[in-house]
Amino acid sequence: MYFNLLSDIAGGLTPPLQQKQDNFSTWEIIGVFSIIAIISIILIFLIFFIVSKFRSKQHSSNNDTTQAPTTEKVKHNKIIYKTIATFIIIILLLSLALGIIKIISCANTQNSNKITVNGIYYEKATFHKNGTTTEGYTVTGCNNDIKILNIADKINELPVIDIKKRAFLNNKNLTEVSIPNSITSFYLCSAPFSGCTNIEKITMATSDVMLLFTDYGSGEMNLNITVPAALHYVYLSEGCTKIDTRDFYHCSNIREIHIPQSVTTIKDGTNSTNIGVNGNTPPNGNFLNLPFVGCTNLRIYCAAKTKPNGWDTYWNFINESTQAEVIWGTY
């Protein structure tokens, strides 16, 4: 570890964005520069000792008998001692200065991947999906005074792809959230807004709103854990193409869902076709998979003027016999 740090020092102090991502601690850096200072001091004393021995032998050869040190010799020795002390102080100060520079430089290197924009925290990361690697940013949090959260779609020309797991855990200040199209449902499976009970409005390009509040992977999803009671308005933005089964599972508090023109598919989960035409009805159990099952207070606003072909027959049903009100041609 120390060898890596020494080699980094030997290579010169480069600008923070170009430095290696070495995670050296402050004490490791101080330790290395202390070693450099100690070695330098030892070398100075060693050189002084060799020179003193040489001068002593030279003086002995020029005098047959031992003589007391002269005033001139004493003054000469004092000059040597002061010179050595000055060198030691300079080396210690230089080592200290280099250590401080390195500590600041490493801190800047570690923080160069982090950025705050409009009070929202982003961190650069590498994402892997379906064998593809993508450079982008993840959202890690925000300032406590933010109420309307508008997440950027790009930072430094790179896409904002992910929201960190439980990034806004128990944030009671948030009332509105806007998530860009660059963040898909694949990267929302970690309940980033868990405990954010005061969110009233969400705009997003994926329909599975429950992913924002419920960790499917931990088995949290049930009738008692859905979305905040304050959430009344969901706007699916252009770019959303599909609404799947149980996406709004028992979200009885949601009053309005706005569906853009880009949504071409809505699955009702009944696995039945031509219902209402030939009189065939699916088993009641299949209605548990309706996309809006249990949304008892829902009104749906659709940008489309009529039902698209890709929307299943029971797409707007909230149970086996009741449909949510639909307003066509209005988003």
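This report describes the fold content, aromatic pairs, salt bridges and surface of one predicted chain.

The model is predicted, and local features therefore rest on a pLDDT of at least 70, side-chain atom pairs count only at pLDDT 80 or more, and totals for chains, interfaces and linings use all residues. Residues are numbered from 1 along each chain as its sequence is written, and side-chain values use heavy atoms, with hydrogens and water left out.

**Overall composition**

The secondary structure of the chain amounts to 3 helices and 14 strands, where helices (H or I, at least four residues) and strands (E, at least two) are DSSP runs numbered from the N terminus. Of its 331 residues, 37% count as buried; here buried means under 20% relative accessible area, exposed means over 50%, and partly exposed lies in between, with a 1.4 Å probe and protein chains only. Among the contacts in the chain with a separation of 6 or more, 63% come from residues 24 or more positions apart, a contact being heavy atoms within 4.5 Å.

**Aromatic pairs**

The structure holds 8 aromatic pairs, counted when the centres of Phe, Tyr or Trp rings (for Trp, the six-membered ring) lie within 6.5 Å, with planes under 30 degrees apart called stacked, over 60 edge-to-face and the rest tilted. One of them joins Tyr235 and Tyr331, whose ring centres are 5.9 Å apart and whose planes stand at 85°, so the pair is edge-to-face. Because Tyr235 lies in strand E9 (residues 233-236) and Tyr331 in the segment after strand E14 (325-328), the pair ties together parts that are 96 residues apart in sequence. Tyr235 is partly exposed at 21% relative accessibility, and Tyr331 is also partly exposed, at 41%. Tyr235 has a further partner in Lys201, which lies over the face of the ring at 4.7 Å from its centre; such a charge is assigned if NZ of Lys or CZ of Arg is within 6 Å of the ring centre and within 35 degrees of the ring normal. Elsewhere, ring pairs link Phe168, Phe193 and Phe213 into a cluster.

**Salt bridges**

Side chains of opposite charge can pair when their charged atoms come close. A search of the whole structure finds 2 salt bridges, each defined as a side-chain nitrogen of Lys or Arg within 4 Å of a carboxyl oxygen of Asp or Glu.

| Salt bridge | Distance, N to O |
|---|---|
| Lys242 and Asp244 | 3.6 Å |
| Glu325 and Arg299 | 3.1 Å |

Glu325 lies in strand E14 and Arg299 in strand E13 (residues 299-302), so this pair ties together parts that are 26 residues apart in sequence. Glu325 is partly exposed at 40% relative accessible area, as is Arg299 at 34%. In the other bridge, Lys242 is partly exposed at 38% and Asp244 is partly exposed at 30%.

**A buried loop residue and the surface**

Asn253, in the loop between strand E10 (242-243) and strand E11 (256-259), counts as buried at 15% relative accessibility. Leaving aside residues up to four places away in sequence, Asn253 touches Val227, Pro228, Ala229, Leu231 and His232.

The chain exposes about 18900 Å², of which carbon and sulfur atoms supply 55%, by the Shrake-Rupley method with a 1.4 Å probe. Ile35, Ile39, Leu43 and Leu46 make a nonpolar surface patch of about 360 Å²; patch residues have over 30% relative accessible area and no salt bridge, with nonpolar side chains (Val, Leu, Ile, Met, Phe, Trp, Tyr) joined within 5 Å and like charges within 9 Å. Of this patch, Ile39 lies in helix H2 (residues 26-62) and is partly exposed, at 46%.
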